[in-house]
Amino acid sequence: MEPNFFHTIKVTVLFTVITVPISLIVALAAALLLNVKAIKGISIFRTIFFLPALIPVVASTIMWSWVFSPKHGILNLLYAKIFGTQGPNWLEDPRLALGCIAVICIWGFGNTMMIFLAGLQGVPQNLLDAARIDGATWWERFRNVTVPYISPVIFFNMVMGIIGAFQVFTQAFIFTDFNGTTVTVNSKAVHFYVLNIYQQAFENGRFGLACALAWILLVVILMMTLIQFYFKKRWVFYNE
Amino acid sequence: MNRTKFIRIFTYILLVIGSIVMFMPVLTMLSTAVKDTAEVYAGKPTIIPKEFHFENFWSALFDDTVSYRPFTFLPALKNSICVTLLNIIGNVLSCSLVAYGFARFQSRWNRPLFILMLSVMMLPPIVLSIPTFVLFVKYLGWYDTLYPLWVPSYFGFASFFIFLLHEFFKCIPSSLLEAARLDGCSELGIFFRIAMPLSKPALMVVGVFTFIWTWNDFFTPLLYIEDPNKFTLALSLQQFIRGSTGSAFGIQWNLLMAANIVVIIPIVVIFFLAQRYFVEGISLTGMKQ
């Protein structure tokens, strides 16, 4: 039995459970804000929200690791200003380290947001207006008109998000490079499944084992996707 | 319309707060890049640097003595540009040719082969990376060369783009192609003179996304490249961290951030030049990195 197998699965699944829902909500919220009519300078905001998605993962991880730096980072500066005490050691704490990588991934929600925006443009305005005249509140309009119309887009983003989250690698790999410097990372807490595959294959030279692990990953991703397709008809609405 | 005004102001406030949060790490990167070492490690971090040290960029890019493994800027820039250009040409040529074949020529094997190609699209990159590594290194002897980074693109490796272009080519009216055929144009002539020019928007999407993905790609160079003169920018940046871990100061964050900015700038420039194709590409296909 590969000793890291269950640990890496646990870390990866936990990461997926944290990251996917939050990034879906954040991306949808940003798309809703950008979809409000008659706002000046909307393209500036759209650019600011979208650009992080294009930044190379190596670069964004370096950028964020400095933000998380316990003594010199801006995050703990704010923490000290608000709570008056020295903030936690973000990357060394076994519970917080995973959350830090989740933050980096959620920060790059630009692609998801753009897909949501395209979906929101397909929601018929006359239905929204009709609901408003009938006295529906903002939440009722969102829940009963907007969400059904964009449910295929939510489904798509969810499937892609889960596939992506299962394969997270670079952030953890770069983080562990920082060990031995002013920024220390709890490498066990961010020992992702794909990171383990990489280490087995390219650091330990166990290609056979790594290949087997990779195929298990494929089967897991495939099953996750099939399960989502199975439950799709319960909540995804197609306007045909 | 008091209510509309209220909603508008509320939206503005939320958008501004969101932008500040999104921009915060970028801001710290920009300010750290121009600080001197003393200020970087000062007790309290500052947002606006006391003095601006733009010479940090010079030391990060060209001074080989700052780290045990310097940021090999000039060779890495050259390699990144070469690999990116070769990949763009390769993807545009090979993917469009394959897609055109699938879209325009009927045969018994058309459908099963197309489904086979699409199923490759579903494979996670890590699953593909091990067999391709064995192929390139053991059988072709390409370890520590730049070939694995660009040769695959000439063999229709990017199945996603084939799929995208296939949809585009299917929409070209057959009467146009038929007319060219009657006028005596060869099949390749039809492809290059009619199908390709008509799909220019889709080809631009392929080009722009190939640029971003190749420029940002860290995993492939990490697997194959060992010689610092063959590093691409992303790999060179990571090796710069590794090289600093042993030095007396630990990491020289200001230099690291300066190098970081230089790697990011081309992406931002491309984004502003080709913004239209990004928005189109993402909203049409839902493409993701």
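Student: Which residues does A:Thr19 touch, not counting residues up to four places away in sequence?

Tutor: In this predicted model, A:Thr19 touches A:Ala102, A:Cys105, A:Ile106 and A:Ala165, once residues up to four places away in sequence are left out.

Student: And where does A:Thr19 sit in chain A?

Tutor: A:Thr19 has its place in helix α1 of chain A, the helix that covers residues 5–34.

Student: Is A:Thr19 buried or exposed?

Tutor: A:Thr19 counts as buried because it has 23 C-beta neighbours inside 10 Å, and the cut-off for buried is 20 or more.

Student: How far apart are A:Thr19 and A:Phe173 in sequence and in space?

Tutor: Along the sequence A:Thr19 and A:Phe173 are 154 residues apart, while in space their C-alpha atoms lie 18 Å from each other.

Student: OK, zooming out, how many helices and strands are in chain A?

Tutor: Chain A has 11 helices and 0 strands, and its C-alpha trace spans about 65 × 45 × 25 Å along the principal axes.

Student: What share of chain A is buried?

Tutor: Of the 240 residues in chain A, 39% are buried. As for contacts in chain A with a separation of 6 or more, 73% of them join residues that are 24 or more positions apart.

Student: Now the other chain: how many residues does each chain give to the contact?

Tutor: Chain B gives 51 residues to the contact and chain A gives 52. On the side of chain B that touches chain A, the elements giving two or more residues include α1 (2–33), α6 (125–139) and α14 (253–273) of chain B.

Student: Which element gives the most to that side of chain B?

Tutor: That is α1(B), which gives 15 residues to the side of chain B that touches chain A. Sorted by class, this side of chain B has 35 nonpolar, 12 polar and 4 charged residues.

Student: What span should α1(B) have, and what are its end C-alpha atoms apart?

Tutor: With 32 residues at 1.5 Å a residue, α1(B) should span 46 Å, and its end C-alpha atoms are 46 Å apart, so the two values agree.

Student: Where does the kink in α1(B) lie?

Tutor: A kink of about 45° lies at B:Met24, shortly before the proline B:Pro25.

Student: Which residues in α1(B) are buried?

Tutor: B:Pro25 is one of the buried residues in α1(B), and among the others are B:Thr11, B:Leu15, B:Thr28 and B:Met29.

Note on methods: Residues are numbered from 1 along each chain as its sequence is written. Chains are lettered from A and ligands numbered from 1 in the order in which they are written. This is a predicted model: local features need pLDDT of at least 70, side-chain atom pairs count only at pLDDT 80 or more; totals for chains, interfaces and linings use all residues. Two residues are in contact if their C-beta atoms, placed from the backbone, lie within 7 Å. Helices (H or I, at least four residues) and strands (E, at least two) are DSSP runs, numbered from the N terminus. Ala, Val, Leu, Ile, Met, Phe, Trp, Tyr, Cys and Pro count as nonpolar, Asp, Glu, Lys and Arg as charged, and the others, Gly among them, as polar. A residue is buried if 20 or more other C-beta atoms lie within 10 Å of its own, exposed if 12 or fewer, and partly exposed in between; C-beta atoms are placed from the backbone. The expected span of a helix is 1.5 Å times one less than its number of residues. The bend at a residue is the angle between axes fitted to the seven residues ending there and the seven starting there.
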